[in-house]
Amino acid sequence: MSLTPMMKQYFEIKENHRDSILFFRLGDFYEMFFDDAIIASRELEIALTGRDCGLKDKAPMCGVPYHSADSYIAKLIEKGYKVAICEQIEDPAKAVGIVKRDVVRVVTPGTIIDSNVLDDKKNNYLCCIYMNEKGFGIAYTDVSTGDFFTTEKSDENGDIISPLFDELGKILPTEIICNTHLYENTSLTMKIKQRFNCMINEFHQWVFDFDFSKESIKRQLSVVNLNGLGLEDKDYSVVASGALIEYLRETQKISLNHINKITQYSSKNFMTLDINTRRNLELTETIRGNVKKGSLLWVLDKTSTAMGGRLLKKWIEEPLLSRKDIENRLSIVEYLTQNIMLINDIRLLLKEVYDIERLMSKIIFGTCNARDLISLKNSIKTFPQIKELLSSLDCEELLNISLNIDGLEDIYMLIQNSILDEPPFSVREGGLIKDDFNTEIKSLREASAKGKEWLSKLEESEKTKTGIKNLKVGFNKIFGYYIEVSKSNIKFAPDYFIRKQTLANSERYITPELKEIEDKILGAEDKMIALEYEIFVSIRDKIASEVKRIQDDSKVIAQIDALNSLALTAYNNNYIKPKINSNGIIKIKDGKHPVVEKVLEEGLFVPNDTLLSNEENRVLVITGPNMAGKSTYMRQVALIVLMMQIGSFVPAEEADICIVDRIFTRIGASDDLSQGQSTFMVEMSEVANILNNATKDSLLILDEIGRGTSTYDGLSIAWAVIEYISDNNKIGAKTLFATHYHELTELEDRLSGVVNYKILVQEKGEDIIFLRKIQKGGADRSYGIEVAKLAGVSSDVINRAYELLNELEKRDINKSEIALSSRERPKTSKDKNSLQLDFFSVKERNIIEKLKSIDVANLTPIDAINILYKLSKESNEI
Ligand SMILES: Nc1ncnc2c1ncn2[C@@H]1O[C@H](COP(=O)(O)OP(=O)(O)OP(=O)(O)O)[C@@H](O)[C@H]1O
């Protein structure tokens with residue numbers, strides 16, 4: 001027994017696409033066979049059947065209709081498979097023997113372009129990593145928009161893994177291809193896969209070659225050399241970019257002309273945010289639920305176009321470091337906020353602009369329809385007005401952008417003159433092209449219309465001839481045109497009526513004359529459909545040749561949309577324009593958390609001030625009861641700084657902020673538990689990362705460091721961390737440090753730059769009232785049991801907890817007396833007295849110091865009484 005010719009062809013094609021599920025086109029279906037069929041039938045929940053393949057057993061088979069294939073492909077991609085689409089590549093009518101077939105495209109998570117599957121306001125990145133011991137290059141592209149970026153990092157002896165993760169945390173690719181060096185590091189690839197929830201595969205090692213890559217880039221960009229592309233001395237970037245282009249060539253099979261620019265950037269241009277910080281600050285999605293609602297993006301995004309939405313998201317992910325660039329964005333936002341009418345006008349105008357960035361890729365892939373072209377036409381119509389707006393905003397000067405509208409009029413007129421105003425979705429069923437655009441279309445349409453006139457005349461004459469009043473001419477796809485006669489009138493049907501179909505209540509006939517008319521009508525319609533499609537494709541290709549210009553214009557529109565969105569948010573929420581300083585100060589008056597403020601009922605959010613500097617206010621140790629608002633306050637400061645650095649106004653009454661190079665956060669438990677690390681281990685590795693990478697220009701948000709282990713270990717770690725961070729010779733970074741270890745408030749007196757802050761609560765009987773106000777000083781209690789009570793923990797447990805607390809506090813006092821006497825004192829001073837002072841609390845020490853300074857011998861009795869009264873009052877406040 002041997003394989004059928006078709007199965008032979010199947011195996012030959014499958015051989016080259018072993019890692020993909022092969023969609024094999026047979027008529028109106030894509031069929032899958034053998035293992036592919038077993039997998040697909042399980043994943044898509046479709047029936048598994050069998051097909052004779054020339055062997056003893058039938059081949060397992062399942063299939064999906066051609067017309068609804070997109071949704072099935074999307075489902076498989078979502079489940080982590082690649083799908084190779086195999087089409088008939090010659091006209092079956094002209095084929096000699098078996099019709100030729102080949103794979104026309106491999107769809108992977110990173111190369112999907114179906115707009116039903118992609119999120120409008122999110123890029124879908126395919127990423128290539130080239131890595132060796134000394135460094136890495138990353139190139140990534142969004143095939144649906146044509147964006148292509150690359151960056152690299154090399155460090156002979158340093159850490160290249162953290163920067164790699166930082167970059168990936170920003171890109172969040174859906175698919176990664178990499179070289180063998182990285183792929184063989186299975187623990188690293190596993191970590192990448194789990195952390196970023198993406199597909200990661202090795203690509204041919206021979207592709208990761210500098211000269212080969214150089215040639216690939218030159219071919220893709222149609223340039224003779226790489227000069228002026230920013231890729232000089234960027235060997236890692238060149239190799240990663242070349243390999244990525246090669247992967248696209250291999251999977252997409254067509255030349256992707258919309259990818260015509262490579263943007264090389266350095267991480268030094270943007271604030272570095274590691275993946276934990278992005279998550280903790282909930283920049284683009286929430287920690288719980290991973291949804292946009294509740295994130296900073298949710299508050300800031302008032303964009304009108306999908307392109308603007310995607311760009312704003314990118315801005316939030318890449319806060320700027322250049323003061324000039326930030327100020328330029330801010331000044332446009334400021335101008336707009338002063339002209340709310342202008343903001344609204346821009347919004348109205350931009351609402352008419354379609355996602356032309358993705359539309360151009362559809363044009364390149366040949367998947368756009370006539371409606372898309374109408375949308376393009378309507379978008380282009382707004383361009384002259386948008387251009388005018390840009391010049392009124394000084395965008396050309398401030399942002400160095402301008403809208404190039406030369407020649408777009410031709411595209412507008414081409415679509416206007418050719419495409420009907422409301423064409424169907426399908427481009428293969430006619431009804432696309434205007435009569436006047438093409439004389440042949442006009443005469444074919446006339447012939448078809450005339451045919452329909454003949455038909456109605458024929459109907460009338462047959463009614464007269466036969467006397468059957470309710471006789472009618474109809475059409476269906478299988479039998480074509482027919483004459484229908486109801487059951488009760490069949491007896492009047494003449495002999496020249498040839499029976500074609502019998503229905504329950506009627507009989508259908510044809511006549512030689514009807515057949516003749518049908519041939520004329522259908523012949524004209526078939527020809528017309530074919531011609532309309534041909535004309536449509538030629539128009540599409542003509543527009544494709546303008547891809548670069550339209551893409552550049554779409555980028556300009558995205559910028560104005562993103563700025564307008566920032567302005568509208570600022571206007572609606574009464575944000576203010578932040579000042580930028582170069583002296584390392586973060587000074588905020590009545591700052592608010594942009595998201596919590598929106599979630600709470602209007603007026604309920606309590607604003608707070610902040611003062612951080614390189615000197616006395618470097619590290620703020622923040623204490624306060626559970627639920628008081630410590631985390632909210634710290635995040636609010638980080639978000640206000642970050643908003644300023646994307647060029648946004650900020651939620652505050654006044655803000656004078658310095659540019660920070662990085663924001664680090666260590667908050668709560670991460671989800672690395674799946675990777676076999678304990679909560680505490682994760683916490684400590686995050687702390688290690690911060691201590692290793694923070695600089696004096698960084699902003700650190702540290703929430704309850706050390707709480708993941710025993711009290712004394714945790715306290716000691718937290719203490720040591722503050723010492724290290726506050727030391728100008730080590731890090732000296734501006735830090736907000738929230739803690740329930742009240743012992744840490746002692747550091748205010750020991751370390752320069754450390755200041756205590758507490759968030760106030762008011763005790764009312766057994767209850768506490770959260771005031772949400774921050775104030776200088778340290779808190780004395782955590783009120784954990786009161787908060788547990790508020791949370792609804794049963795009174796039995798609460799009462800028992802109070803009992804235990806009393807018990808433990810008593811024990812703790814005894815223990816701390818012992819501990820204090822055995823604790824090794826810091827050897828900071830040789831002065832015996834000052835060493836002994838360490839035995840006392842800060843307030844006690846202050847009192848002792850005051851007493852020491854009083855000349856007791858010369859005091860009058862009244863003075864002595866007054867002093868003792870004052871001191872006893874102070875000590876009562878302890
Ligand atoms: N300034 C504020 N104004 C009004 N409500 C606030 C404010 N800050 C925080 N809240 C509310 O208080 C809740 C608790 O705040 P948050 O989580 O910051 O407390 P916390 O002190 O960090 O608590 P814990 O120590 O238990 O982690 C928030 O969910 C928010 O609704």
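Let me start at the ligand, where one of its nitrogen atoms sits 2.8 Å from a polar backbone atom of V606; please keep in mind throughout that this is a predicted model. The backbone takes part a second time at M627, where an N or O atom of the main chain lies 2.9 Å from an oxygen atom of the ligand. With T632, on the other hand, the partner belongs to the side chain, whose N or O atom is 2.6 Å from a ligand oxygen. As for cover, the ligand on its own has 630 Å² of accessible area, and the protein covers 77% of that.

Stepping back to the whole shell, we find 15 residues around the ligand, and the closest of them are V606, M627, K630, S631 and T632. Sorted by class, the shell holds seven nonpolar, five polar and three charged residues. Which helix supplies the largest share of this shell? That is helix α22, spanning residues 630-646, which contributes three residues.

Now to an arginine that I would like you to look at on the screen, namely R329, which lies in helix α12, residues 323-337. R329 is buried and yet has no salt bridge, and the nearest side chain of opposite charge, that of D325, is 7.0 Å away. Because a salt bridge here requires the nitrogen and the carboxyl oxygen to be within 4 Å, the distance of 7.0 Å to D325 does not qualify. What the side chain of R329 does reach is the backbone oxygen of I646, at 2.9 Å.

That brings me to the salt bridges themselves, of which the count comes to 44 by this rule. I will take the pair of D147 and K555, whose closest N and O atoms are 2.8 Å apart. This pair links distant parts of the chain, since D147 is in strand β9, residues 147-154, while K555 is in helix α20, residues 547-573, with the two positions 408 residues apart. On the acid side, D147 is buried, with a relative accessible area of 11%, whereas K555, at 34%, counts as partly exposed. Both residues also belong to a network of salt bridges that links D147, R310, D355, E357 and K555.

Another pair is E525 with K452, where the closest N and O atoms are 3.2 Å apart. Here too distant parts of the chain are linked, with E525 in helix α19, residues 512-544, and K452 in helix α18, residues 439-466, the two being 73 residues apart. K452 counts as partly exposed, at 43% relative accessibility.

The last pair I will show is D541 with R540, with a closest N to O distance of 3.8 Å. In this pair D541 is partly exposed at 42% relative accessibility, while R540 counts as buried at 11%.

Finally, a word on the backbone. Which phi value does D590 have, positive or negative? The phi of D590 is positive, about 50 degrees, although this residue is not a glycine. D590 is found in strand β19, residues 586-591, and at 22% relative accessibility it counts as partly exposed. R772 likewise has a positive phi, near 65 degrees, and is a residue other than glycine. R772 has its place in strand β27, residues 767-776, and is partly exposed, with a relative accessible area of 32%.

Terms used
Residues are numbered from 1 along each chain as its sequence is written. This is a predicted model: local features need pLDDT of at least 70, side-chain atom pairs count only at pLDDT 80 or more; totals for chains, interfaces and linings use all residues. Side-chain values use heavy atoms; hydrogens and water are left out. A residue is near a molecule or strand if one of its heavy atoms lies within 4 Å of it. A polar contact is a pair of N or O atoms within 3.5 Å; within protein, one must be able to donate a hydrogen and the other to accept it, and residues adjacent in sequence count only if both atoms are side-chain atoms. Accessible areas come from the Shrake-Rupley method with a 1.4 Å probe; for residues, only the protein chains shown count as cover. Helices (H or I, at least four residues) and strands (E, at least two) are DSSP runs, numbered from the N terminus. Ala, Val, Leu, Ile, Met, Phe, Trp, Tyr, Cys and Pro count as nonpolar, Asp, Glu, Lys and Arg as charged, and the others, Gly among them, as polar. Buried means under 20% relative accessible area, exposed over 50%, partly exposed in between (1.4 Å probe, protein chains only). Lys and Arg count as positive and Asp and Glu as negative; His and the chain ends are not counted.
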